[in-house]
Amino acid sequence: MAFFQADFFSQALNRSVRCGVLLPTDQSAYQERKEQEPLPTLYLLHGMTGSQSGWYGTESLWEISRNYRMAIVLPNGENSFYCNSSLTGNRYGDFIGEELVAFTRSSFPLSDKREETFIGGLSMGGFGAIVNGLRNPDTFGYITAFSSALIKRLILRSDEEEGLDYFTRAQYQSMFGLAAIDDFEGSDCDYEALAEKLAASGKEKPKIYMDCGTEDVSLYQANADFKDRLLSLGYEVTWDSRSGGHDGKFWSESFCKAAAYLPVEKLELAPDSPSAARLTRMNAAMTRKMTE
């Protein structure tokens, strides 16, 4: 395994940005050594108040990257919902859906095939994965969205229902570039409108894995309803409704389920390779070194 922190200048954000990149490099450890082909890639988006560094100590991501021979790119989206905003000038949608993909493909041995390029995320990152996957169907063949913050109703009714708002009305307008809050309806941030627009276009639609814990009371119904809407529009959706809340325990299981869902082959350790326990210790040591 190898881990990189890449710094580059983003034209979409007009500043220097950093992303993390996990690369599976030890192909000699597996029974069927793969030729040095470009790697399938998952662009993984963090949740609200998080950053790309929050992923670094997540051991299951190291295991998934290694065992499935899949690169994982970890960008920082701040609290942007990964959308463009004409009010702030931050074009996070363009950054995630176009610029980051172009930069990482030119810098690392990543596949440029649609069917080997995936976007995923949890909570706010699930929102961003859905929106940017639907906006860029020629780039992303698969979307994996965990406990997605599908809060369209709350955005449109912000300030009207006490205790249900994540942000103020002014913050929503700023993040999504809305002159008025009602402008969210039908915008490039409206996941329902994007799903309908893509379905009507006749373009090939990304395949979607969605899950949400039944105890995630503020988001479960919105996720279930959007799943039903996607199915009615002809999308291929795998929906996993299971017990759990809005927390790391649930998402750790989600990572493993999504990896098994994606079209990547799980590799087996070769008998003459270092043991699985030794590889795990090596990865844990690398994780500790990064987070010190």
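Hi everyone. Let me begin with a cut-off: a residue is called buried when its relative accessible area is under 20%. Asp-240 has a relative accessibility of 16%, so Asp-240 counts as buried. Please keep in mind that this is a predicted model. I'd like to start from that one aspartate and work outwards.

So, where does Asp-240 sit? The residue belongs to strand β8, which covers residues 237-242. Leaving aside residues up to four places away in sequence, Asp-240 touches Tyr-209, Met-210, Asp-211, Cys-212 and Lys-257. With one of these, Tyr-209, there is a side-chain polar contact of 3.4 Å.

Now for the charged partners. Asp-240 makes a salt bridge with Arg-242, and the closest N and O atoms are 2.7 Å apart. Both Arg-242 and Asp-240 are buried. Arg-242 also has a salt bridge to Asp-211, where the closest N and O atoms are 3.2 Å apart. That second pair links distant parts of the chain, with Asp-211 in strand β7 and Arg-242 in strand β8, 31 residues apart. Asp-211 is buried, as is Arg-242. Which residues make up the whole network of salt bridges here? They are Asp-211, Asp-240, Arg-242, Glu-253 and Lys-257. As a general reminder, side chains of opposite charge can pair when their charged atoms come close.

Let's look at the two strands themselves. Strand β7, residues 207-213, runs parallel to β8, and six bridges join them. One bridge pairs Gly-213 with Arg-242 in β8, and this is the arginine that we just met in the salt bridge with Asp-240. Between the strands, helix α7 (residues 220-232) completes a right-handed β-α-β unit with β7 and β8.

Zooming out, how are the strands of the sheet ordered? The sheet is open, has eight strands with mixed pairing, and follows the order β1-β2-β4-β3-β5-β6-β7-β8. At the edges stand β1 (2-10) and β8, each with a single partner strand, so one side of each has no neighbour in the sheet. From one strand to the next, the twist averages 20°. So our aspartate is in β8, an edge strand, and is nonetheless buried.

Further along the sheet, β5 (residues 117-122) and β6 (residues 142-146) pair in the parallel sense over five bridges. There, Leu-122 stands opposite Phe-146 in β6.

Two helices also deserve a mention. Helix α1, residues 59-67, lies across β1, β2 (15-23), β3 (41-45) and β4 (71-74), and runs at about 65° to β2. Helix α2, residues 92-107, lies across β1, β2, β3, β4 and β5, at about 120° to β1.

Before I finish, back to salt bridges: the structure holds 16 of them. One that is worth a look joins the side chains of Arg-15 and Glu-78, at 3.3 Å from N to O. Arg-15 lies in strand β2 and Glu-78 in the loop between β4 and α2, so this pair ties together parts that are 63 residues apart in sequence. Are these two buried or exposed? Arg-15 has 27% relative accessibility and so counts as partly exposed, while Glu-78, with a relative accessible area of 40%, is partly exposed too.

That's my tour, from a buried aspartate in β8 out to the rest of the sheet. Thanks for listening!

Key:
Residues are numbered from 1 along each chain as its sequence is written. This is a predicted model: local features need pLDDT of at least 70, side-chain atom pairs count only at pLDDT 80 or more; totals for chains, interfaces and linings use all residues. Side-chain values use heavy atoms; hydrogens and water are left out. Helices (H or I, at least four residues) and strands (E, at least two) are DSSP runs, numbered from the N terminus. Buried means under 20% relative accessible area, exposed over 50%, partly exposed in between (1.4 Å probe, protein chains only). A polar contact is a pair of N or O atoms within 3.5 Å; within protein, one must be able to donate a hydrogen and the other to accept it, and residues adjacent in sequence count only if both atoms are side-chain atoms. Contact means heavy atoms within 4.5 Å. Two strands pair if DSSP finds at least two bridges between them. Axes are lines fitted to C-alpha atoms, for helices over the stretch in contact, and angles run from 0 to 180 degrees between N-to-C directions. A crossover is right-handed if, with the strands pointing away from the viewer, the path from the first strand over the helix to the second runs clockwise. A salt bridge is a side-chain nitrogen of Lys or Arg within 4 Å of a carboxyl oxygen of Asp or Glu.
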